[in-house]
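Me: I would like a close look at one part of this protein. Please keep to what the model shows and set it in the context of the whole chain.

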Amino acid sequence: MAWLWYFLFYSFLGFLAEMAFARAVGAEKRDRKCFLVLPLCPVYGLGALLILAPAPWLRPWPGLVALWSALAATAAEYGMSLFYEKALGVSFWDYSHLPHNLGGRICPRFSACWCLLGLLAVYGIQPLAAAAAERLPGWLTAAAAIALLLDGAATARLLRKTGSTDALCWYRHLPLPILTKEKSNLEN
């Protein structure tokens with residue numbers, strides 16, 4: 001059950017990293033959600049699981065951890081890109097403008113980022129994540145799994161229906177905050 005928490009935790013960290021990256025580079029598309037409700041980027045969760053699986057054996061050799069991280073997470077990125085495109089009819093990223101990309105799905109620049117993120121995960125974050133996951137009760141794990149499955153199913157259905165990742169940004173259509181109404185009442 002700890003692996004579910006690792007997936008969720010690293011998917012959430014990936015969401016935060018994507019948001020920070022989008023703001024840092026002034027990206028036109030700043031919304032980086034991959035689920036309808038949950039703030040997750042599953043490519044990070046899957047990449048982390050692939051990196052962590054052999055980590056106990058690779059841990060003594062940081063160079064191998066780095067190489068494995070780049071290969072495993074890049075494979076996850078390529079596979080997720082294919083899944084999104086073929087199964088759901090959408091694309092969350094496109095590296096076709098970067099040199100040496102493979103179908104716009106992967107590129108050396110981001111493989112190098114995976115290398116560094118893998119080192120950070122294995123040597124820095126994972127010991128803390130493992131300790132935290134051990135303390136979580138089983139009922140919470142079951143609830144998290146159900147939430148992930150329900151949100152995943154709703155997300156897949158919506159993406160297939162609309163063919164656009166913008167459909168996940170439902171919060172853009174929420175009415176203006178109450179504070180705006182209060183401000184207009186004060187002006188009258």
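What follows is about the loop between helix 4 and helix 5 and the residues around it. Which residues does Arg105 touch, and why does Arg105 count as buried? Which residues do ring pairs link into a cluster? Where does Val90 lie, and which residues does Val90 touch? What is the phi of His100?

Reply: This is a predicted model, and every value below is computed from it.

The whole chain comes before the loop. The protein has 7 helices and 0 strands, and its pattern along the sequence reads α-α-α-α-α-α-α. The C-alpha trace spans about 70 × 45 × 30 Å along the principal axes. The protein has 188 residues, and 39% of them count as buried. If one takes the contacts between residues at least 6 apart in sequence, 71% of them join residues at least 24 apart.

Helix 4 covers 62–88 and helix 5 covers 108–134, and Arg105 is found in the loop between them. Arg105 has a relative accessibility of 11%; buried means under 20%, so this arginine counts as buried. Leaving out residues up to four places away in sequence, Arg105 touches Glu77, Tyr78, Ser81, Leu82, Glu85, Trp93 and Tyr95. With Tyr78 there is also a particular arrangement: Arg105 lies over the face of the Tyr78 ring, at 5.5 Å from the ring centre.

Ser81, one of those contacts, gives a view from the other side. Ser81 lies in helix 4. Its relative accessible area is 8%, so Ser81 is buried as well. With residues up to four places away in sequence again left out, Ser81 touches Trp93 and Arg105. Arg105 in turn has Trp93 among its own contacts, so each of Ser81, Trp93 and Arg105 appears in contact with the other two.

Trp93 leads on to the aromatic residues. The count of aromatic pairs comes to 9. Phe83 and Tyr84 form one of them, with 6.0 Å from centre to centre and 55 degrees between the planes, and this pair is tilted. The two partners differ in exposure: Phe83 has a relative accessible area of 42% and is partly exposed, whereas Tyr84, at 4%, is buried. Tyr84 also pairs with Trp93: the ring centres are 6.1 Å apart and the planes stand at 85 degrees, so this pair is edge-to-face. Tyr84 and Trp93 are both buried. Ring pairs link Phe83, Tyr84, Phe92 and Trp93 into a cluster. Trp93 therefore belongs to this cluster and also touches Arg105.

Val90 is another residue of the loop between helix 4 and helix 5. At 5% relative accessibility, Val90 counts as buried. Apart from residues up to four places away in sequence, Val90 touches Tyr84, Glu85, Leu159, Gly163, Ser164 and Thr165. Tyr84 is a member of the ring cluster, and Glu85 is among the residues that Arg105 touches. Leu159 falls within helix 6, which covers 138–162. The C-alpha atoms of Val90 and Arg160 are separated by 7.8 Å, although the two residues are 70 residues apart along the chain.

His100 also lies in the loop between helix 4 and helix 5, but its exposure is not like that of Arg105 or Val90. At 71% relative accessibility, where exposed means over 50%, His100 counts as exposed. The backbone here deserves a check by eye. Most residues other than glycine have a negative phi. His100 is not a glycine, yet its phi is positive, at about 60 degrees.

Helix 5, which follows this loop, also takes part in a pocket. The second largest pocket has a volume of about 210 Å³. Its lining has 14 residues, and Tyr10, Leu13, Tyr44, Leu117 and Ala121 lie nearest its centre. Two or more lining residues come from each of helix 1 (2–24), helix 2 (42–52) and helix 5. Helix 5 gives the most to this lining, with 6 residues. By type, the lining divides into 11 nonpolar, 3 polar and no charged residues.

To return to the loop, it holds buried residues, including Arg105 and Val90, and an exposed one, His100.

Definitions and conventions:
Residues are numbered from 1 along each chain as its sequence is written. This is a predicted model: local features need pLDDT of at least 70, side-chain atom pairs count only at pLDDT 80 or more; totals for chains, interfaces and linings use all residues. Side-chain values use heavy atoms; hydrogens and water are left out. Helices (H or I, at least four residues) and strands (E, at least two) are DSSP runs, numbered from the N terminus. Buried means under 20% relative accessible area, exposed over 50%, partly exposed in between (1.4 Å probe, protein chains only). Contact means heavy atoms within 4.5 Å. Rings of Phe, Tyr and Trp (its six-membered ring) pair if their centres lie within 6.5 Å; planes under 30 degrees apart count as stacked, over 60 as edge-to-face and the rest as tilted. A charge sits over a ring if NZ of Lys or CZ of Arg is within 6 Å of the ring centre and within 35 degrees of the ring normal. On a 1 Å grid over the protein atoms alone, a cavity is a set of points where a 1.4 Å probe fits but cannot get out, and a pocket is an open set with protein on both sides within 12 Å along at least five of seven lines; lining residues have an atom within 4 Å of a point. Grid points are joined across faces, edges and corners, and a volume is the space filled by probe spheres set on the points. Ala, Val, Leu, Ile, Met, Phe, Trp, Tyr, Cys and Pro count as nonpolar, Asp, Glu, Lys and Arg as charged, and the others, Gly among them, as polar.
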